[in-house]
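Hi,

Here is the structure I promised to pass on to you. Have a look at it first, and then read my notes underneath.

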Amino acid sequence: KRLDEPARDAAARSVQFLNTVIGKMSGVVTAPEQIKAEGLACLVEDSPHALLVEEFNRIQITQIRLPGFKRGIEAFIEKPDLLPFEEAKLYGHNAVHALMGYLAARKGCRFMSEAAGDQALMQLARGAFVEESGAALIARHQGLDPLFTAAGYQAYADDLLERMTNPYLRDRIERVIRDTPRKLAWDDRLIGTMRLALDAGVTPWRFALGAAAALDTLSSTKGTADALNELWPVPDQPPGRKAQLIELITEAQAKLRTKES
């Protein structure tokens, strides 16, 4: 039965749709031996798929503005503007996770937990987190929330670096680095973070290493510039930004290959 207009208006005033930012670490487990050894519950009976998720309840949501409404789930953290926290998730959490994954793959790692024993990689990841992603996001959102301060973002980075390399999650590198064209897209985690940093006057040379490692996994027969321009079918804004990114990634490719030779 369709509601009349006054009833629709009344219903609209009693409903609010919320966005969320959930920064948890999780993965799909398909190896039968792991499912059995860890006592995981499959999604459905006789399915070869189970979920392994860290214990985590710091879930941010849009601020609720319904008069007199009281949430039943108290763990949610309401934010008046959720976009900055979405950016911290994509250009901080997701971006560094991808950077670590691509560089760890070049070293022959199978699980993200193996990266924890590589001091040079962990130092590089923290530098990318704090000095590139963090510097850019703090410049954009300073004063909005304690997260967007030097101390707040450093704590955010250190917490996530420890969680990203949690050995109990058995987070496979192949999962972290899948769908590379999306991760190298203009607005996504690697290139999006580099652009954000450049906008803030920060040179994202560490993220360029991650982008270079990612590009190498595509095994393209095209040169670096042509391969990247094919991934970026968007206007060059600001003018010259694509050339700047391509130069940084080309230099990073040379660094990676020199180091490995």
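Let's start with strand β2, which has two faces: Gly27 and Val29 sit on the covered one, while Ser26 and Val28 sit on the uncovered one. Before going on, please keep in mind that this is a predicted model. The partner of β2 (residues 26-29) is β3, and the two pair in the antiparallel sense over 4 bridges. If you want to see how they line up, find Ser26, which stands opposite Val53 in β3, and then Gly27, which stands opposite Leu52.

Now, which side chains of β3 are buried, and which are not? Go along residues 50-53 and you'll see them alternate: Ala50 and Leu52 point to one face and are buried. Leu51 and Val53 point to the other face and are not buried. That fits the textbook picture, since in a regular strand the side chains alternate between the two faces of the sheet.

There is also a sheet to look at. In this one, 3 strands form an open sheet in the order β1-β4-β5, with mixed pairing. At its edges are β1 (20-22) and β5 (77-79), each of which pairs on one side only. On average, neighbouring strands here are turned by 25° against each other, if you ignore direction. As a reminder, strands of a sheet pair through backbone hydrogen bonds, either parallel or antiparallel. For an antiparallel example, take β1 and β4 (residues 59-62), which are joined by 3 bridges. Val21 has Gln60 in β4 as its bridge partner. Helix α3 (residues 83-106) packs on this sheet, where it touches β1, β4 and β5. The direction of α3 makes about 30° with that of β1.

Next, a pair of helices. Two packed helices are described by the angle between their axes and the distance between the axes. What are these values for α8 (residues 189-199) and α11 (residues 241-260)? Their axes come within 11 Å and cross at roughly 110°. An angle from 65 to 115 degrees counts as roughly perpendicular, and α8 and α11 are therefore roughly perpendicular to each other. Their crossing is right-handed. On the α8 side, the residues that meet α11 are Ile191, Met194, Arg195, Leu198 and Asp199. On the α11 side you'll find Arg241, Gln244, Leu245, Leu248 and Ile249. Sorted by class, this contact has 6 nonpolar, 1 polar and 3 charged residues.

A few spots in the backbone also deserve a look. Most residues other than glycine have a negative phi, and most peptide bonds are trans. Here are the places I'd show you with that in mind:

- Arg170 has a phi near 45°, a positive value in a residue other than glycine. Arg170 lies in the loop between α5 (150-164) and α6 (173-176), and with 34% relative accessibility it counts as partly exposed.
- Asp179 isn't a glycine either, yet its phi is positive, at about 55°. You'll find Asp179 in the loop between α6 and α7 (180-183). Is Asp179 buried or partly exposed? Its relative accessible area is 42%, so Asp179 is partly exposed.
- The peptide bond from Gln237 to Pro238 is cis, with omega near -10°. Pro238 is in the loop between α10 and α11.

While you're in that loop, look at Gly240, which also has its place between α10 (224-231) and α11. Gly240 has 36% relative accessibility, so it counts as partly exposed. How far is Gly240 from Arg106, in sequence and in space? The two are 134 residues apart in sequence and 30 Å apart in space, C-alpha to C-alpha.

Finally, zoom out to the whole chain. How many helices and strands does the chain have? There are 11 helices and 5 strands. The C-alpha trace spans about 70 × 55 × 40 Å along its principal axes. Of the 261 residues in the chain, 45% are buried. Take the contacts between residues at least 6 apart in sequence: 68% of these join residues at least 24 apart.

Happy browsing, and write back if anything is unclear!

Notes. Residues are numbered from 1 along each chain as its sequence is written. This is a predicted model: local features need pLDDT of at least 70, side-chain atom pairs count only at pLDDT 80 or more; totals for chains, interfaces and linings use all residues. Side-chain values use heavy atoms; hydrogens and water are left out. Buried means under 20% relative accessible area, exposed over 50%, partly exposed in between (1.4 Å probe, protein chains only). Two strands pair if DSSP finds at least two bridges between them. Axes are lines fitted to C-alpha atoms, for helices over the stretch in contact, and angles run from 0 to 180 degrees between N-to-C directions. Angles under 35 degrees count as roughly parallel, over 145 as roughly antiparallel, 65 to 115 as roughly perpendicular and the rest as oblique. A crossing is left-handed if the near helix is turned anticlockwise from the far one by less than a right angle, and right-handed if clockwise. Contact means heavy atoms within 4.5 Å. Ala, Val, Leu, Ile, Met, Phe, Trp, Tyr, Cys and Pro count as nonpolar, Asp, Glu, Lys and Arg as charged, and the others, Gly among them, as polar.
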